[in-house]
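Student: I should like to learn how to read the sheets, cores and helices of a protein model. May we work through one example together?

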Amino acid sequence: MIVRKYAAIDIGSNAIRLLTHNVIEEEGKETLFRKSALVRLPIRLGEDVFKNGTISKRNEERLLSAMKAFQLLMEVHGVEKYMACATSAMREADNGQVVIDNILEASGVKIQLIDGEKEASIIASTDLKNLIRKDETYLYIDVGGGSTEFTVFSEGKIKISESFKIGTVRLLNGMVDEEMWNELELWLKKHVKGLPNLSIIGSGGNINKLHKMSGRKEGESLSYIWLRAQYHFLSSLTFEERVSELGLNPDRADVIIPATEIFVSSAKWIGAKKIHVPKIGLSDGIIKTLYYAKK
């Protein structure tokens, strides 16, 4: 038996994450991927970038401190290979490449800027194949702070993917106009509506939190009716009530509402009744990408 340590760093518009995995190889057996540790930090880069076009000095310093900490944690864990990916906020920041260069020089962490298409393909390399049935159609939705990736699976294969600049941090800051929503609705109806046995697969911290709040068992799907009712319930509470009464972290208590809106709207437009929540995302996809690239 060989146990390898891989790590994924996901630098998103709302939060950044370090995920470490044990990758267990044993002759004659399927390779096992076991989560070792997850660290999530609410450095909301999107608030800077989507408002002002740049990453502020304060958030650059916070990001640099986080990367130094992640580098030390990977060293302690004995990580042999890692990949750090930055998405929407870093892509759009006028000083994004300068920040990336500064981080590399100061911490040794090399960050890759990836576009929405690359992000969707990395996510698709996760364990989705264990969930997807060839006789059903799925709309995979990965909600981020700056953008949301939509991927259509039909007959067990990716049919089409698209990234829309409709993310939780953008929505919170009033940066998504009606035209963008209309564009998304038209795209979904063109590529998804009418396909047989249609359901949604959701990923991201917000849908995972919603699934936990529902009390459903792991692997049990959410219903559109429940999710719509939960959206109205959450919207009826103040930010303070969502923190004090529901126990949500402050950096989750605000973004969970626009995230739910994205899922509810998408399900309504395509007529999906079920939302599967397999608890996977970009970080998990990075681990698989690293492993299979080695092969």
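The dialogue below takes up the sheets, then the cores, then two helices.

Tutor: Please note at the outset that this is a predicted model, in which local features need pLDDT of at least 70 and side-chain atom pairs count only at pLDDT 80 or more, while totals for chains, interfaces and linings use all residues. Residues are numbered from 1 along each chain as its sequence is written, and side-chain values use heavy atoms, with hydrogens and water left out.

Student: How does one read a sheet, and what is the order of the strands in the open sheet of six?

Tutor: Strands of a sheet pair through backbone hydrogen bonds, either parallel or antiparallel. Helices (H or I, at least four residues) and strands (E, at least two) are DSSP runs, numbered from the N terminus, and two strands pair if DSSP finds at least two bridges between them. Here the six strands run in the order 8-7-6-9-11-10, with mixed pairing. Strand 8 (157-164) and strand 10 (222-223) are at the edges with a single partner strand each, so one side of each has no neighbour in the sheet. Within the sheet, strand 9 (residues 198-203) pairs with strand 11 (residues 274-276) in the parallel sense over two bridges; isoleucine 200 has isoleucine 275 as its bridge partner.

Student: Which strands stand at the edges of the five-stranded sheet?

Tutor: That open sheet has the order 3-2-1-4-5, and its pairing is also mixed. Its edges are strand 3 (32-41) and strand 5 (111-113), each with a single partner strand, so one side of each is left without a neighbour in the sheet. From one strand to the next, the twist averages 25°. Strand 2 (residues 16-25) and strand 3 are antiparallel, joined over nine bridges, and leucine 19 is opposite leucine 38 in strand 3.

Student: What is meant by a nonpolar core, and which residues of the largest one touch the most other members?

Tutor: In soluble globular proteins, nonpolar side chains tend to be buried together. A nonpolar core is a set of buried Ala, Val, Leu, Ile, Met, Phe, Trp, Tyr and Cys residues joined through side-chain atoms within 4.5 Å; buried means under 20% relative accessible area, exposed over 50%, and partly exposed in between (1.4 Å probe, protein chains only). The largest core has 38 residues, of which Leu139, Phe150, Leu188, Ile200 and Leu227 touch the most other members. Helix 12 (256-270) is among the elements that give two or more residues to this core, and helix 12 gives the most, with nine residues. A second, separate core of 27 residues includes Ala7, Leu63, Ala93 and Ile103.

Student: Which residues of helix 9 are buried, and which are exposed?

Tutor: An α-helix has 3.6 residues a turn, so residues three or four places apart point the same way. In helix 9 (224-236), Tyr224, Trp226, Leu227, Gln230, Tyr231 and Leu234 are buried. They cover an arc of only 155° around the axis (taken from the directions from the helix axis to the C-beta atoms), which puts them on the same side of helix 9. The face turned away from that buried side carries the exposed residues Ile225, His232 and Ser236.

Student: Where do the buried residues of helix 4 fall, seen down its axis?

Tutor: In helix 4 (residues 96-107), the buried residues are Gly96, Val99, Ile100, Ile103 and Ser107. These fall within an arc of 100°, so they line one face of helix 4. Glycine 108, whose phi is positive, near 85°, follows helix 4.

Terms used
Axes fitted to C-alpha atoms, helices over the stretch in contact; angles between N-to-C directions. Expected span 1.5 Å × (residues − 1).
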